[in-house]
Amino acid sequence: MTDAPARTTSRIPERPTLEGLEEKWMQVWKDERTYAFDREKALSLPREQVFAIDTPPPTASGSLHVGHVFSYTHTDCMARYKRMQGFEVFYPIGWDDNGLPTERRVQNYYGVRGDATLPYVEGYEPPFTEGVDANGKAIKAADQQPISRKNFIELCDVLTVKDEVTFESLFRRLGFSLDWNISYRTIDERSRAVAQQAFLRNLERGEAYQSEAPGLWDVTFQTAVAQAELEARDYPGAYHRVAFHRPDGTPLYIETTRPELIPSVVALIAHPDDERYQPLFGTTVTSPLFGVEVPVVAHRAAEMDKGAGIAMCCTFGDLTDVMWWRELQLPMRSLITRNGRLQAETPEWVAGGPGEALYAESLATKTTFSAREAVVAALRESGDLDGEPQKTQRKANFYEKGDKPLEIVTSRQWYIRNGGRDADLRSAFVARGAEIDFHPAFMRSRYTNWVDGLNGDWLISRQRFFGVPFPVWYPVDANGEVDHDHPLTPPVSALPVDPQIDVPEGYDESQRGQAGGFVADPDIMDTWATSSLSPQIAAGWQVGEGDGLRNDPELFEAIFPMDLRPQAHDIIRTWLFATVVRAHYEHGSVPWSNAAISGWILDPDRKKMSKSKGNAETPEDVVKANGADAVRYWAASGRLGTDAAYDTGQMKVGRRLAIKVLNASKFALGFGDVDGDLHAAVTHPLDLAMLATLGDVVDKATAGFEAWDYTRSLEVTETFFWTFCDDYLELVKDRAYGGQGDDAAASARAALRLALETLLRLLAPFIPYATEEVWSWFGDGSVHRRPWPTRDELPAGGDAAVLTSVSTALAGVRKVKSEAKVGMRAEVRTMTLVAPAASVEHVRAAEADLRASGRISELTYAEGAAVEIRDAELVPVEKQPAKA
């Protein structure tokens, strides 16, 4: 870029402003497809010249929050840098629109809930919209109208599309350089086909399996919950000291926060080293109220110092109960059903005993809360409650999006093996993590610790409606019994399928639910089971044979494994790990070579901002108030892996920077067109010094991006930019206007043009609107398609110390005027500059610039250890002499 074409600067507006830039350039970028991925070019390039990004598909349920802006800006800065470095950048966008968040939003928005037993209603109109009734009041759960599965799914589809239009508008306004022609929805036809094909291949290879076993269950959402979705929270409870009875009638006290589970107790368990209970191991006791005989057994997981040191094992109160049940081979006495209530039938182990009437009259079909109250009342009456309950805060497992503690319910679920039950497989997944470069590097330990801590396989089935259905049916034998051990699956060519509507090969619809016929698997896949295949979905992995599946195996082969997975650290355990699992099984590789991990955005109380917590700021208003460049500046100021505070003050700094880019550029371009060889025109020592300094900045900014520390790139560029504006522009202003002759003016103007072209490109990844606007005043094409600057583009031979020395001297002059309380336009009749000898020589080389900018009439020099202004005689604008 050393030879500047005869560019006209007549396009410079009289009053540059940020207002209207976003609308202007959003449309230009869209019309000109500025950020489009060139597939044909990518296929012709060596793999290392393509940069493929596995863009996180945001959850399309309501509104985004500033945390999305934060992390997506990080990715966009890197995408823009790579594009300017000459890479062909694959930067798709997806929408994660299936799963529980979407269903909950639809329930609240339309006032409906899905009911698989109801028939489909053609042309159904929901009773409400926007979450309020005719009087503007929020819809209560009890008022939600039950509708068929198909009607519910249709409403989910309508609302997610509506939300995605809003999201796209915001993402475009924020300047994210995505290729909007490469997009997907995790519920669209291709995504369903990809998810179903991957599952069927997992099933065929034995990596997926079905099991009926106890598992965590959310009674509100009526679905199973995976280990990765757990959130431990404090929950109010009370310790109850309860007497079990030895054969001789003497009491054996335990302490429990869940007395309602006494009817399901299967054993009392103490630590094998606990001398208090060693004589009881191998004996039995009977439960209070119900008189059920249970063994006293030993297990090392029992805590001697907790409560009475002996605990009741119920099936099931918590995950420890599940472990004891498995390892000690205890009987199953499950009471709590999927709706969170105790079963209606009196259990066989209770029937005929002293608690039969109590169960039938006071516990059957009751919630756990009501059952607890009834059991405590009965214990108090029987004398088996020792003292009154003691209030406490207990830790309980919650679904991360749920409001009630999880229960443990026995149900049939689908799993994918993830190493939770296989040490060799777990080691293989840890090794996969070592193949990925995490940024920052310490985030790899979070991955490793998660994998090492797994205690079960990945639960992928959910008992909901809006998601990818399992492509499975089951035969029904002649007696009407469902045969889960011999599932029926479709051919790949038929994908995607909906087993609730489609029928398996060899059957017809009349055989659905009939003896000798078939039934559909009722479940859908967990949303992570689909989004864990985002590289395969976006890049064209071959799936099925149907039209509209957007297969592109040639492209997939060319760009997979991808280069980058950007995401937040809290979903390393879910999205990142799940994607590694799927790529390991399907391709025998990692899905990408780099993982860039963003931190959280924190509210003023230093808590994570999230929609579910109700403390999130929506970015629409923030962008309107501050501008996209300002918001991007704030986001880019936060380093990878580091939590950052929501800071509108930092956004104001970013807006000031964008405005300064416009105004300083107008000034730099205001001297007319610059023709010829710009390098040859730059001869003045101060100009060469400025460009040498800028060369250092280019090297550091480039190194920052290459080290995934784009914040460092912004910092060094911004620091130089303000020095450039505050010092250099002031120093060369007189010379650029011709105050020191034509050659000196040409040097200043050429240096200004070179610096401007370089600075705009350095700042372009961070503040794309202001930089694109300025580039359009004098340059061709888009700044975002120009090459990233290099030091070689700038003239060599300059001494950066010259700029430092002259800027320091100018700062001294400004200080003297400020302390004398005179304006910066005040004349300095005479002054002495005290400085080290080397600094004096530097200033002499640019003395005319210093004298012009500082309005210094007479300047003398003296050597000293530090730069200092002495004996300055000032003449204020109003001509009043003053001594400083």
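The paragraphs below go through the salt bridges, the aromatic contacts and the internal cavities of this structure. The model is a predicted one, in which local features need pLDDT of at least 70 and side-chain atom pairs count only at pLDDT 80 or more, while totals for chains, interfaces and linings use all residues. Residues are numbered from 1 along each chain as its sequence is written, and side-chain values use heavy atoms, with hydrogens and water left out.

Side chains of opposite charge can pair when their charged atoms come close. With a salt bridge taken as a side-chain nitrogen of Lys or Arg within 4 Å of a carboxyl oxygen of Asp or Glu, the count for this model comes to 50. One of them joins Arg80 to Asp76, with 2.8 Å between the closest N and O atoms; both residues belong to helix H3 (residues 66-84), where they are four residues, or about one turn, apart. Helices here are DSSP runs of H or I with at least four residues, strands are runs of E with at least two, and both are numbered from the N terminus. Arg80 and Asp76 are both buried, a term for under 20% relative accessible area, with exposed meaning over 50% and partly exposed in between (1.4 Å probe, protein chains only).

A similar helical spacing is found in helix H5 (residues 149-173), where Arg172 and Glu168 are separated by about one helical turn because they are four residues apart. Their closest N and O atoms are 3.0 Å apart in a salt bridge, and Glu168 counts as partly exposed at 27% relative accessibility. The salt bridge between Arg814 and Asp727 has an N to O distance of 2.9 Å. Arg814 lies in helix H24 (residues 800-819) and Asp727 in helix H21 (residues 710-736), so this pair ties together parts that are 87 residues apart in sequence. Arg814 is partly exposed, at 28% relative accessibility, whereas Asp727 is buried, at 13%. Elsewhere, Arg39, Glu40, Asp552 and Glu554 are joined into one network by salt bridges that share partners.

Turning to the rings, those of Phe, Tyr and Trp (its six-membered ring) pair if their centres lie within 6.5 Å, and planes under 30 degrees apart count as stacked, over 60 as edge-to-face and the rest as tilted. The whole structure holds 38 aromatic pairs. In one of these, Phe316 and Trp325 have ring centres 5.3 Å apart and planes at 85°, so the arrangement is edge-to-face; Phe316 is buried, with a relative accessible area of 2%, and Trp325 is buried at 18%. One aromatic cluster is formed by Tyr72, Trp95, Phe167, Phe171, Phe176 and Trp180. Arg80, already met in its salt bridge with Asp76, also lies over the face of Trp29, at 5.6 Å from the ring centre.

Finally, there are two cavities of 30 Å³ or more, a cavity being a set of points on a 1 Å grid over the protein atoms alone where a 1.4 Å probe fits but cannot get out, with lining residues having an atom within 4 Å of a point. The largest cavity holds about 70 Å³ of space, and its lining includes His74, Met78, Leu640 and Trp708. Helix H3 gives the largest share of that lining, four residues. The second largest cavity, of about 30 Å³, is lined by residues including Arg205, Trp541, Arg582 and Glu586.

Methods. Lys NZ or Arg CZ within 6 Å of the ring centre and 35° of its normal. 1 Å grid on protein atoms, 1.4 Å probe; cavity = no way out; pocket = protein on both sides within 12 Å on 5 of 7 lines; lining within 4 Å. Points joined across faces, edges and corners; volume = space filled by probe spheres on them.
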